[in-house]
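Let's walk through this one together, chain by chain and then across the gap between them. Pull it up in your viewer and follow along.

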Amino acid sequence: MNWDWGAVRDFMPHFWDGLLVTLQALALGSVISFALGLVWALLMRAPTRWVRWPVGVLTEFIRNTPLLVQLFFLFYVLPEWNITFSALTTGVVAIGLHYSTYTMQVYRAGIEGVPAGQWEAATALNLPLRRTWTAVILPQAIRRVVPALGNYVISMLKDTPMLMAITVLEMLGEARLYSQEHFQFTEPLTVIGVAFILISYPASLLLRALERRLVR
Amino acid sequence: MAPPLRNDGNDGTDAQKRSPGRRSLLAGVSALGAVGALGAAGCTRVATASDNGGDLLDRLKAQGVVRLGIAGEIPFGYIDKNGELTGEAPELAKVIFKRLGVDRVQPVPTEFGSLIPGLNSQQFDVVSAGMYINPERCQQVVFADPDYQMLDAFIVRKGNPKGLHDYKDVVAKKARFATGTGYAEIQYAVEAGYKESDILIVPDQVAGLNAVEAGRVDVFAGTALTTREVARKSRKAESTKPFTPLVKGKPHVDGGGFAFRSAETRLRDAFNVELKKLKASGELFRILRPFGFTRAEMTDMTAKELCRG
């Protein structure tokens, strides 16, 4: 095997393009999954089973089918019914939706972890339901689960290469494209491998620090 | 990934009981790894031991089977409805390899862009996908003489609303352009002035058709034959009239053929001899005709010419 620094240099402009797309997908996917996960978690606590059951079925379905299949479905099958998004939008929606079914369980754990006394105190103070949630329960619940949510961000980062399957040119897509044009595989793939470590390892250190500060 | 929250609360004692099992599992895994490494080393030796034209033909004869890399592209090389390997290139390979003393062919389906890397990493013995012969590819592999020549065509929406007939139109009308991974059409579009980073690269021609139908792009470029075949069943898209792409300002006719690893020139030469006989007797045309090829696609070009570009 021979290592060619020239190939690394030639690949770098493509790499930065790919990195930008990867980070976009990650950021938007995280926002969707955090928001939607909270919605699912709250809906699952609805008083009527007419809400709980459909939400339960839907989220179980999404969580128990592979992300890759969901990507293909959204990208190739939905256009049959004239619903078309750009490749990156499809990818962000798919990743966000998929991971929202995981974050939903994280939120559930956080909400259930709030001591019963807090609910009772809110009732004793005659707080309206809305204010009980926004001022008492959620601030405590979310504080507990920030590290767990962060883990899913790292996990999501590692799943972004799947977007390559639907023609999104994130890091792996750029590396493959470059490889197939120049028939050099070692250098671009190594570069993105190193990039993944350089992003995810500091991120996990950051999370550990966050965990020490937030969870007592 | 498993659902979160599966803390069953008995980690301590259980893990201790299980630990010898884990250790032997580890030993097993590392043993497997060692075997794998040995196997890999073996392969490398075979690959580098061929500096005098290669002995692949002898080995194929001994095995009685040759592995063909195909890209699932109708009509070049694909698996048909009955699960049988067919297509222009595999059918030709069956005839030629039989004459060379190799009785059976075995398909190895992959993506078009992975054909040359797969060939060079020993996944299969020959690329049998009607691959265009061009200078970039000639640096990686050796080609037999082309068995057909071909023009390009586009897949566009029904009625060709943007009036796209060649690469110049695509650039002039700022159409959104797609083609396949590793296709020669990428370069033709770039030569015509299309920005390379704006090209949408799809895995294959069916995904290309899908992209046109869904309105993600205005045009997908491929060989005249592929685009005709894939657009035939579509209600929303059609293929354009074949045209000649320009390379360095000159009209360029493409030729496609079989590719071999660079070291295996003896096999390539033996293949060429049989191919030449088939061309002379007109048998080649009879083999290719069922796949939509016409006399206009028969060629006398050589791989050498096409490798010069």
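Keep in mind that this is a predicted model. A good place to start is where the two chains meet: 18 residues of chain B are in contact with 14 residues of chain A. On the chain B side, the elements that put in two or more residues are α4 (115-120), β10 (200-202) and α8 (205-213) of chain B. The largest share of that side comes from β10(B), with three residues. Sort the chain B residues that touch chain A by type and you get ten nonpolar, six polar and two charged.

Now for chain A by itself. How many helices and how many strands does chain A have? There are eight helices and zero strands, so to speak a plain α-α-α-α-α-α-α-α when you read along the sequence. Along the principal axes, the C-alpha atoms of chain A fill a box of roughly 70 × 45 × 20 Å.

The UniProt record gives some labels to hang on this chain. Its unreviewed entry has the annotation "domain: ABC transmembrane type-1" covering residues 19-207 of chain A. In the model, the end C-alpha atoms of residues 19-207 of chain A lie 21 Å apart, and the span is 80% helix and 0% strand. The same kind of record, again an unreviewed UniProt entry, places the feature "transmembrane region" at residues 20-43, 83-102 and 189-210 of chain A. Take residues 83-102 of chain A: their end C-alpha atoms lie 26 Å apart, and the span is 80% helix and 0% strand. For residues 189-210 of chain A, the end C-alpha atoms lie 31 Å apart, with 100% helix and 0% strand.

Next, how the helices pack. Two packed helices are described by the angle between their axes and the distance between the axes. Begin with α1 (residues 5-43) and α7 (residues 171-182) of chain A, whose axes come within 7 Å and cross at roughly 150°. With angles over 145 degrees counting as roughly antiparallel, α1(A) and α7(A) are therefore roughly antiparallel to each other. Their crossing is right-handed. Residues of α1(A) in this contact include A:F11, A:H14 and A:F15, while α7(A) brings, among others, A:M171, A:E174 and A:Y178. By type, the residues of this contact divide into six nonpolar, five polar and two charged.

α7(A) also packs on α8 (residues 186-214) of chain A, at an angle of about 165° and with the axes 9 Å apart. α7(A) and α8(A) are therefore roughly antiparallel to each other, and their crossing is right-handed. Here A:M171, A:L172, A:A175, A:Y178 and A:S179 in α7(A) meet A:P188, A:L189, A:I192 and A:A195 in α8(A). What does that make by type? The residues of this contact divide into eight nonpolar, one polar and no charged.

One more helix pair in chain A: α4 (residues 87-112) and α6 (residues 129-159) of chain A pack at about 150°, with their axes 8 Å apart. This crossing is right-handed too. From α4(A) the contact includes A:Y99, A:Y102 and A:V106, and from α6(A) it includes A:I137, A:R144 and A:Y152. Its residues divide into 15 nonpolar, two polar and two charged.

Over to chain B, and to its sheet. Five strands form an open sheet in the order β10-β9-β11-β8-β12 (chain B), and the pairing is mixed. Which strands stand at the edges? β10 and β12 (237-239) of chain B do, each with a single partner strand, so one side of each is left without a neighbour in the sheet. From one strand to the next, the twist averages 30°. Inside the sheet, β9 (residues 177-180) and β11 (residues 219-223) of chain B run parallel and are joined by two bridges; in β11(B), B:F220 is the bridge partner of B:A178.Finally, look at the helices on this sheet. α8(B) packs on the sheet and touches β8 (152-157), β9, β10, β11 and β12 of chain B, with its direction at about 155° to that of β11(B). Helix α9 (residues 224-231) of chain B lies across β8, β11 and β12 of chain B, running at about 30° to β8(B). That brings us back to the chain contact, since α8(B) and β10(B) are among the elements giving two or more residues to the side of chain B that touches chain A.

Terms used. Residues numbered from 1 in each chain as written. Chains lettered and ligands numbered in written order. Predicted model: local features only at pLDDT ≥ 70, side-chain atom pairs only at ≥ 80, totals over all residues. Contact = placed C-beta atoms within 7 Å. Helix = DSSP H or I, 4+ residues; strand = E, 2+ residues; numbered from the N terminus. Nonpolar A, V, L, I, M, F, W, Y, C, P; charged D, E, K, R; others polar. Axes fitted to C-alpha atoms, helices over the stretch in contact; angles between N-to-C directions. Parallel < 35°, antiparallel > 145°, perpendicular 65-115°, else oblique. Left-handed = near helix turned anticlockwise from the far one by under 90°. Pairing = 2+ DSSP bridges. UniProt positions renumbered as here; feature names shortened; annotations may be inferred.
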